[in-house]
Each structure stands twice: as structure tokens, then as C-alpha cells.
Amino acid sequence: MYLNSEEFLSNFQKAINELDHVTQVAEDLKKHEVKQIFFTGCGGAFTKFVDLKPLMFKSLSVPFLIVSPEELSTSYLREIDAETLIIAGTKTGETKELISALNKIKNIQTECRIISFIGDDGSTLEGQGLISDRIRSIDTDVNLIELGWLLQNLTSHNSLEELTNKKEQLVKAGAQIVEGIEALIPKSLGKVNNTNLDELQMWVGSGRLWGEVCCYANYLMEEIQRIKAQAVHSNEFFHGPFEIIDEHQSVNVVVNSDSNREHDLRVVDFVKNFAKDPLIIDMNSFKFEGLDEEMKSFVESYALNHYFDTLYNMYSVKTGRTAATRRYYRLLNY
């Protein structure tokens, strides 16, 4: 009910099938001079890029920034030239802010290259001829498996043999993700069933999982479920937020398997002593056997993304609210 494993594995395989095209996009990019990269998108797309910022630092040999479309077309417009690469993300390809920004940029700098992750076929963005290439982002705005694979192909330290091995690792990860999510369902469902919907939820996370924690609190909880939620970085937890913790405060902590784990566990130790029944999502629950650390850096974010989708489904059963019951999003002019 909460996790459709067959649908997940089908979509995961579609993402795997797209990897050869991602490799082709990367090989084409290597033929052009690229001096800077901007990653841009709204909402969930923006946070997907934030997820992989540590891997970007390791993989990319040129400066990059993660910015909103509005920032890109205003604050950084004068910096964009023919040697700029823009990587955009959107589920529908209909996001007005993104389309407007890319049109503005293309009208001024026609030689600028734009690659876009787009989830839906037949979109306005793809049809306007603004982009150099589309990566089919399976069932989302930016598919983290595909984005991670793009970065793996753009880095200089991966040989063809290493990339072949890494792709084989990815193929096996789908079943491992399903197993990990299913193991977390019982305690997660218990937490949801015992949650007071009028209470503020605090979601703590960090490192390569920070984007997903923000996405869940901002979009799935507040935007769709209309539940007040606050994302708090574990490195900032003891600089203010910890003072409101008591037996009435709902606290949830996502623990990295490696990156920033020590800081996350420091938060866990505190909330276990002072909060009532905190929900702890330890990424070590996912048994990613055979995955090297670079692959984990985006597969774990992908796994957390789908765990959060499962948790959201639990809340939808409890509240009756889904993406179709939003009050304002694309219903009003704002």
C-alpha cells in the first residue's frame, strides 16, 4: 500500500536504461569548452542538486553554482557566455520561472549550452528549442541516479572499465533500496499513526542527505500535507533549535552512513534523552553491499527520496491529502 515495489523497480530499470544516453550527453559535453556550470531548478529539482553538491566538488574541474532560475537570470546573467553550461531540472517541463529564465538567457546568449532533466514527455520546455539535450528524468524532476551517473562520466578519474563496474553496481541497487525501505516501514507507520498533526515537526539531517530532508519538510509535509515542518541542519541543531526540544516536540533525525555521521549521531544522543519517541532513520539500514563510496553518495539520496515518498503515502492515508488537494499551487496567480 505504502510502497509499490513493482512500480518502483520498473521506474528504477527505466532510469538504468537511460544511463547510456546520459553517457552520450557527457561525451558530447567533453567536446566543448566549458568554463562554468550553473545547476538550476525550483522546489524539488533545486534540492536534488543540493544533494549531490559534495560529489560535484569531487567530479567537476570547473566552477559551479546551484541557483534558482530567478537568481540565474538576474544576479548571474552578465556572467553567462558561450562557454557556460546550464543544467536544469523540472518534472513537468512547464515551470514558468524556469522557462522564463532560460528564454531570457537564450535571447542574450544564444551559444550557451543547456542540458535539462525533464520528467514528462511533450513539455513546453522541450518544445521551445531552448535545450541542447534532454535527459529523461524518470518520474521526477531530477533523477538522482541519472544525475550521479552524469557526474561520474564527467570526472576525469573514471576509466571505461571502472564505469562498467560502477554501472553493474547500480543495477543491483534497486532491490537493495526496496529491502531497506520495507525494513523501515513498521516503525515509520507507528510514528505516523501516533503523530499529532497540529504539532510542528522538526526534521534534522545533513551532508549529502540535506537536500532530501529540506524537500520532505518543505514540499511533502508543508505544501501537500499542510503539516508545519522545519528542516534543521545537524551542524546547526545545537545553535538554537535544541532549546525547544522537550517531551512534546516531534523530532525526526536522518543519519548519514558516512558523510557527517558523527554530527548526526550527536543529535540522536540528545533527542533520545529529551524528546518523546524520536524517529531515527539510519541510512545504515540500507545494506548497500558492493557499492563504492562515490556511488553511495547519490544512491543513498535516491533511497532516502523514495523512503520519504513512502512516508508521505502513510500521511496521505491519515490526512486524506495528496498533490491533488493543494489549495494554491498552480491554482492561483501568485
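This briefing describes a sheet, its strands and helices, a set of salt bridges and a surface patch. The structure is a predicted model, and every value below is computed from it. At its centre in this account is an open sheet of five strands, which are arranged in the order β2-β1-β3-β4-β5 and pair in the parallel sense. A search of the whole structure also finds 16 salt bridges, and some of these are described after the sheet.

**The sheet and its pairings**

- The edges of the sheet are formed by β2 and β5 (133-136), each of which pairs on one side only, and the twist from one strand to the next averages 20°.
- Strand β1 (residues 36-41) runs parallel to strand β2 (residues 64-67), to which it is paired over four bridges, and within this pairing Ile37 has Phe64 of β2 as its bridge partner.
- Strand β1 is also joined by six bridges to strand β3 (residues 84-90), again in the parallel sense, and here Ile37 stands opposite Leu85 of β3.
- Strand β3 is in turn connected to strand β4 (residues 113-118) by six bridges, with the two running parallel, and Gly89 has Phe117 in β4 as its bridge partner.

**Helices packed on the sheet**

- Helix α2 (residues 19-29) packs on the sheet and touches β3, β4 and β5, while its direction makes about 150° with that of β5.
- Helix α8 (residues 144-154) also packs on the sheet, where it touches β1, β3, β4 and β5, and its direction makes about 145° with that of β4.

**How strand β1 is covered**

- In a regular strand, side chains alternate between the two faces of the sheet.
- In β1, both faces are covered, since Gln36, Phe38 and Thr40 on one side and Ile37, Phe39 and Gly41 on the other are all buried.
- Six of the six residues of β1 are therefore counted as buried, a class that requires under 20% relative accessible area.

**Salt bridges between separate parts of the chain**

- The side chains of Lys35 and Glu83 meet in a salt bridge, with a distance of 3.1 Å from N to O. Lys35 lies in the loop between α2 and β1, and Glu83 in the loop between α5 (69-74) and β3, so this pair ties together parts that are 48 residues apart in sequence.
- Lys35 counts as partly exposed because its relative accessibility is 47%, and Glu83 is likewise partly exposed, with a relative accessible area of 26%.
- A salt bridge also forms between the side chains of Lys48 and Asp141, at 3.9 Å from N to O. This pair links distant parts of the chain, with Lys48 in helix α3 (residues 44-51) and Asp141 in the loop between β5 and α8, 93 residues apart, and both residues are buried.
- Lys58 and Glu294 meet through their side chains in a salt bridge of 3.3 Å, N to O. Because Lys58 lies in helix α4 (residues 53-59) and Glu294 in helix α12, the pair ties together parts that are 236 residues apart in sequence.
- Lys58 is exposed, with a relative accessible area of 53%, whereas Glu294 counts as buried at 9% relative accessibility.
- Lys58 and Glu294 also belong to a network of salt bridges that links them with Lys166 and Asp292.

**A nonpolar patch on the surface**

- Tyr328, Tyr329, Leu331, Leu332 and Tyr334 form a nonpolar patch on the surface, and together they have about 600 Å² of accessible area.
- Leu331, one of the residues of this patch, is placed in the segment after α12 (293-319) and counts as exposed because its relative accessibility is 56%.

Notes: Residues are numbered from 1 along each chain as its sequence is written. This is a predicted model: local features need pLDDT of at least 70, side-chain atom pairs count only at pLDDT 80 or more; totals for chains, interfaces and linings use all residues. Side-chain values use heavy atoms; hydrogens and water are left out. Buried means under 20% relative accessible area, exposed over 50%, partly exposed in between (1.4 Å probe, protein chains only). Two strands pair if DSSP finds at least two bridges between them. Patches are made of residues with over 30% relative accessible area and no salt bridge: like charges are joined within 9 Å, nonpolar side chains (Val, Leu, Ile, Met, Phe, Trp, Tyr) within 5 Å. Accessible areas come from the Shrake-Rupley method with a 1.4 Å probe; for residues, only the protein chains shown count as cover. A salt bridge is a side-chain nitrogen of Lys or Arg within 4 Å of a carboxyl oxygen of Asp or Glu. Axes are lines fitted to C-alpha atoms, for helices over the stretch in contact, and angles run from 0 to 180 degrees between N-to-C directions. Contact means heavy atoms within 4.5 Å.
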